[in-house]
Amino acid sequence: MQFQYLKYDLYRYFYPSDKVSQISLSEKIKTIIFTQGIWATMVYRLRRWVEFECNNAVIRSIIKPIGRILQIMIEIITGISIAPEVDIGPGLYIGHFGNIFIAGTTKIGKFVNISHEVTLGYAGRGERWGQPERIGDFVYIAPGAKIVGNISIGNNAVVGANSVLTKSIPDNAVAMGVPARIINYNSSKDFIVYNHKMNNDIL
């Protein structure tokens, strides 16, 4: 499943909008070589597959340490850390590299945008202690956003730049500030751009 998901991750970079329906193999290779978000996503998908989907003990024993080494290299080179315990749906898009930390057992939906300097991690007091439980589909997480505590984000939501979100928000909500508060329900429709022709089969 992870390699199928990776195909849709790559679509987000190869075919970023409905205006782009075809690119050459050389352009695809160039995109992979020069896009750090793709490197981090590929290593995450590999580690997720090895640790949670691969049933062959021999393959797991060989690839698991390799995946760990690759993850350390990705963290050093790109500043992106995505734990394999995080369950991320297809169509992940990391717009820019640097200071991205996604930990815990968060379930992240399909076609989510994660920007640079974003953290999904542990925080909170009492019942709110923990990591984000769920990030919905078509969520846009802007640069510098911090999402912490035992909270959930609805589908089509937006977490604004440099915001600190410590409370759950519903579908279509746009939250900004420190602490983040809902400012409207205009959704992420203008922020999540993708090629419908390339991705209709999983929508």
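This is a short guided tour of the structure, one selection at a time. What you have open is a predicted model, and residues are counted from 1 along the chain.

**Stop 1: helix 1 meets helix 3**

Start by selecting R45 and D9. They form a salt bridge, and their closest N and O atoms are 2.8 Å apart. Colour the two helices to see what is being joined: R45 belongs to helix 3 (residues 36–52) and D9 to helix 1 (residues 2–14), so the pair ties together parts that are 36 residues apart in sequence. Are these two residues buried or exposed? Both R45 and D9 are buried.

While helix 1 is in view, add Y8, Y11, F14 and Y15 to your selection. These residues form one aromatic cluster.

**Stop 2: along helix 3**

Next, pick E51 and R47. Here is another salt bridge, with 3.5 Å between the closest N and O atoms. E51 and R47 are about one helical turn from each other, because they are four residues apart in helix 3. R47 has a relative accessible area of 10%, so it counts as buried.

Now show the side chains of R48 and F52. The charged end of R48 sits over the ring of F52, at 4.4 Å from the ring's centre.

**Stop 3: a small charged network**

Keep R48 visible and select D87 and K107 as well. D87 and K107 form a salt bridge whose closest N and O atoms are 3.2 Å apart. D87 is in strand 2 (residues 87–88) and K107 is in strand 5, so this pair ties together parts that are 20 residues apart in sequence. Which residues are joined into one network by salt bridges that share partners? They are R48, D87 and K107.

Turn on the surface to see how much of this pair shows. D87 is partly exposed, with a relative accessible area of 23%, and K107 is also partly exposed, at 46%. How many salt bridges does the structure hold? The count is five.

**Stop 4: a nonpolar patch**

Leave the surface on and select I69, I72, M73, I76 and I77. Together they make a nonpolar surface patch of about 500 Å². To place the patch, look for I72 in helix 4 (residues 57–78). I72 is partly exposed, with a relative accessible area of 37%.

**Stop 5: rings around F138**

Hide the surface and show the aromatic side chains. Searching the whole structure turns up ten aromatic pairs. One of them is F111 with F138, which is stacked: the centres are 5.4 Å apart and the planes meet at 20 degrees. This pair links distant parts of the chain, with F111 in the loop between strand 5 (107–108) and strand 6 (113–114), and F138 in the loop between strand 8 (134–135) and strand 9 (140–141), 27 residues apart. F111 counts as buried at 0% relative accessibility, and F138 counts as buried at 15%.

Add Y194 to the view. F138 and Y194 form an aromatic pair that is tilted, with 5.6 Å from centre to centre and 40 degrees between the planes. Y194 lies in the loop between strand 15 (180–184) and helix 5 (196–199), while F138 lies in the loop between strand 8 and strand 9, so the pair ties together parts that are 56 residues apart in sequence. Both F138 and Y194 are buried.

Before moving on, check the backbone of F138. Its phi is near 55 degrees, a positive value in a residue other than glycine. Most residues other than glycine have a negative phi.

**Stop 6: another positive phi**

Select N156, in the loop between strand 11 (152–153) and strand 12. The phi of N156 is near 60 degrees, again positive in a residue other than glycine. N156 counts as partly exposed at 25% relative accessibility.

**Stop 7: strands 12, 14 and 15**

Finish by showing the cartoon. Strand 12 (residues 158–159) pairs with strand 14 (residues 174–177) in the parallel sense, over two bridges. Click on V159 and you can find its bridge partner, A175, in strand 14.

Strand 14 and strand 15 run antiparallel and are joined by four bridges. For V174, the bridge partner in strand 15 is N184. The two strands form a hairpin with two residues between them. Zoom in on the loop between strand 14 and strand 15, where P179 is found. The peptide bond from V178 to P179 is cis, with omega near -5 degrees, whereas most peptide bonds are trans.

Methods
Predicted model: local features only at pLDDT ≥ 70, side-chain atom pairs only at ≥ 80, totals over all residues. Heavy atoms only, no water. Patch = residues over 30% accessible without salt bridge, like charges linked within 9 Å, V, L, I, M, F, W, Y side chains within 5 Å. Areas by Shrake-Rupley, 256 points an atom, 1.4 Å probe, with all protein chains shown as cover. Salt bridge = Lys/Arg side-chain N within 4 Å of Asp/Glu carboxyl O. Buried < 20%, exposed > 50% of the residue type's maximum accessible area, 1.4 Å probe, protein only. Phe/Tyr/Trp six-rings, centres within 6.5 Å; stacked < 30°, edge-to-face > 60°. Lys NZ or Arg CZ within 6 Å of the ring centre and 35° of its normal. Pairing = 2+ DSSP bridges.
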